[in-house]
Amino acid sequence: MCALACALLTWACTPAALASAQHEPSAPGAAAAVADWLPEARLVGAGTLRYLGLTVYHARLLAPPGWQPDDLGRAPLVLELTYQRRFRGADIAQRSVQEMRRAEPLAPADEAAWLDAMRGIFPDVAPGDRIAGLWLLGWGARFVFTGADGRTRMLGEVADARFARRFFGIWLAPTTSAPELRQALLGQPPAQAAAR
């Protein structure tokens, strides 16, 4: 992915997924709706997740001024996905759990609780819809939805710091299935091709 899923988070998140560092035009979307949460946020990086040549979503990472990739897990941040395809919310939740397992196995109780929580939070999405997640250190995550029509609503929250670390790790951890998208989100240059 990576999965805010490949589908905020979904099926398209596989190692074969390709990301481009092309930044989409700035748009208010859900990230603007979280201004109250992280008013000083600035864009760190942006990228696009593609699967088999199809654009799945555009992603943006926002963080406080001065934030660096080494600060991952030590400062709040916002991850926003703008979907380019239709996905069912239940599929987004399921794919998110699959991607969360990449770092290490999930305890069965955690997996069940987190899957249930995400099924209750993530709506079905259509092209142009945005979901933004706020990672609140030591607390958990909050999610907001902005439809293609510009209407914004709170989706819900998961008050579990372990959930937040694993969820945002879908995109930002070294174990992500979309390393090129991770680099783009972290504002890092693409990795050089291996010498032949």
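From the N terminus on, the protein chain follows the order β-α-β-β-β-α-α-β-β-β-α-α. The model is predicted. Its secondary structure amounts to five helices and seven strands. Of the 196 residues in the protein chain, 54% are buried. The exposed surface of the chain is about 8,900 Å². Carbon and sulfur atoms supply 52% of that surface.

Two of the helices, H2 and H4, meet in a crossed arrangement. Helix H2 spans residues 89-100, and helix H4 spans residues 161-172. Two packed helices are described by the angle and the distance between their axes. Here the axes come within 9 Å. They cross at roughly 95°. This angle falls between 65 and 115 degrees, so H2 and H4 count as roughly perpendicular to each other. On the H2 side, the contact is made by Ser96, Glu99 and Met100. Helix H4 contributes Phe163, Arg166, Phe167 and Ile170. Four residues of this contact are nonpolar, two are charged and one is polar.

A buried arginine is found in one of the strands. Arg130 belongs to strand E5, which covers residues 130-136. The relative accessible area of Arg130 is 11%. Burial is assigned under 20%, and Arg130 is therefore classed as buried. The side chain of Arg130 takes part in polar contacts with two other side chains. One partner is the side chain of Glu80, at 3.0 Å. The side chain of Thr82 is also a partner, with a polar contact of 3.1 Å to the side chain of Arg130.

Definitions and conventions: Residues are numbered from 1 along each chain as its sequence is written. This is a predicted model: local features need pLDDT of at least 70, side-chain atom pairs count only at pLDDT 80 or more; totals for chains, interfaces and linings use all residues. Side-chain values use heavy atoms; hydrogens and water are left out. Axes are lines fitted to C-alpha atoms, for helices over the stretch in contact, and angles run from 0 to 180 degrees between N-to-C directions. Helices (H or I, at least four residues) and strands (E, at least two) are DSSP runs, numbered from the N terminus. Angles under 35 degrees count as roughly parallel, over 145 as roughly antiparallel, 65 to 115 as roughly perpendicular and the rest as oblique. Contact means heavy atoms within 4.5 Å. Ala, Val, Leu, Ile, Met, Phe, Trp, Tyr, Cys and Pro count as nonpolar, Asp, Glu, Lys and Arg as charged, and the others, Gly among them, as polar. Buried means under 20% relative accessible area, exposed over 50%, partly exposed in between (1.4 Å probe, protein chains only). Accessible areas come from the Shrake-Rupley method with a 1.4 Å probe; for residues, only the protein chains shown count as cover. A polar contact is a pair of N or O atoms within 3.5 Å; within protein, one must be able to donate a hydrogen and the other to accept it, and residues adjacent in sequence count only if both atoms are side-chain atoms.
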